[in-house]
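Please open the model in your viewer and keep the selection panel at hand. The stops below indicate what to select next and what is to be found there.

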Amino acid sequence: MVVRIPTSTAITRSAPEGYGHRSKGSSEHPQIASIVVNTGASSEERAIALESLCAEANRCELCPQLVASRSQVVFGSGNADAQLMFVGEAPGASEDRDGVPFVGASGKLLGDLLAAIGTTRDEVYIANVLKCRPPENRDPRSDEIGNCSHFLRGQIELVAPVVVVTLGNFATKLLREDDAGITAIHGQAELRSFGQRSVWLYPVFHPAAALYRRPNLELLREDFARLPKMIADGAPQQAAAVVLKAEPVPGQETHPAPESGAPQLDLF
Ligand code: SF4
């Protein structure tokens, strides 16, 4: 099924305006259940598809308890064409208020760690395992992680980074599909594939853990210090692929024909 892109959709290399901000009830974007992305898709094509995925998340009500507790969906922020992507756990109170991941004390530390390796949060892409704040900042539940993981996997495919840094246990266990704890495996890069995209998966401590335990902070700094060389060495070899397309949401199998001149992503 072809994804029709509205003619009004802006094309940008950075995350489109509105990322992380909820447009409750909006239906201006096509609804998609999953995205298969060609590794040869341009940054503009991927940014458009990422915006569609963000719109889908903004409408998502798969986790009733989180829908009741959230102020807004916190999809992600930063450069939609980043070489370096970070994945945290879930929005907290500050993130839920601002609609942006990693603000507050953990966000400040992340910013400091990025500055130490010569980059900024505008140049990287940041997301969470869950897009909605759990009540009382409780841990994400397994059913919620299962509900939400297709958004994160779609983000990885569409941003197409060289390195995905998992911050803490929740992101690490989800993306490694393994129960190994962060203390045992931090700082060890692994080749992992998400759809058509192969990346270096790189687990490190969550900044919040480093704030409360000084030894973790030193380990986190050491792990961050390896990132520039990993980026310079480049992405793993990618599998060949052909099309950028989406599976329809049940009940929405048929999309309307595009307006004249509207781009179609099955062309790429
Ligand atoms: S956490 Fe994810 S799956 Fe659950 S309601 Fe929010 S966006 Fe939907």
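Begin by selecting Met85 together with Tyr125 in β4, its bridge partner. Residues are numbered from 1 along each chain as its sequence is written. The model is predicted: local features need pLDDT of at least 70, side-chain atom pairs count only at pLDDT 80 or more, and totals for chains, interfaces and linings use all residues. Helices (H or I, at least four residues) and strands (E, at least two) are DSSP runs, numbered from the N terminus.

**The strands around β4**

Extend the selection to β3 and β4, which pair in the parallel sense over four bridges; strands pair if DSSP finds at least two bridges between them. Next add strand β2 (residues 77–78), which runs antiparallel to β4 and is joined to it by two bridges. Here Gly78 stands opposite Tyr125. Is β4 covered or uncovered on its two faces? Both faces are covered, with Tyr125 and Ala127 buried on one side and Ile126 and Asn128 buried on the other. A residue is buried if 20 or more other C-beta atoms lie within 10 Å of its own, exposed if 12 or fewer, and partly exposed in between, with C-beta atoms placed from the backbone.

**The nonpolar core**

Now select Met85, Val87, Val129, Val159, Val163, Val164 and Val165, the residues with the most contacts inside the largest nonpolar core, which has 60 residues. Such a core is a set of buried Ala, Val, Leu, Ile, Met, Phe, Trp, Tyr and Cys residues joined through C-beta atoms within 7 Å. α1 (43–59) gives the most to this core, with eight residues. Select this helix: 14 of the 17 residues of α1 are buried.

Centre the view on Val129. Leaving aside neighbours within four places in sequence, Val129 is in contact (C-beta atoms, placed from the backbone, within 7 Å) with residues including Val87, Ile145, Cys148 and Phe170.

**The ligand**

Select the ligand and the 14 residues that surround it, each with its C-beta atom, placed from the backbone, within 6 Å of the ligand. The closest are Cys60, Cys63, Cys132, Asn147 and Cys148. Two or more residues of this shell come from each of α2 (64–69) and α5 (142–159), and α5 gives the most, with three.

**Ala235**

Finish at Ala235, in the loop between α10 (227–233) and β8 (245–248). Ala235 counts as partly exposed because it has 17 C-beta neighbours inside 10 Å. Beyond four places in sequence, Ala235 is in contact with Val162 and Val199.

Key:
Contact = placed C-beta atoms within 7 Å.
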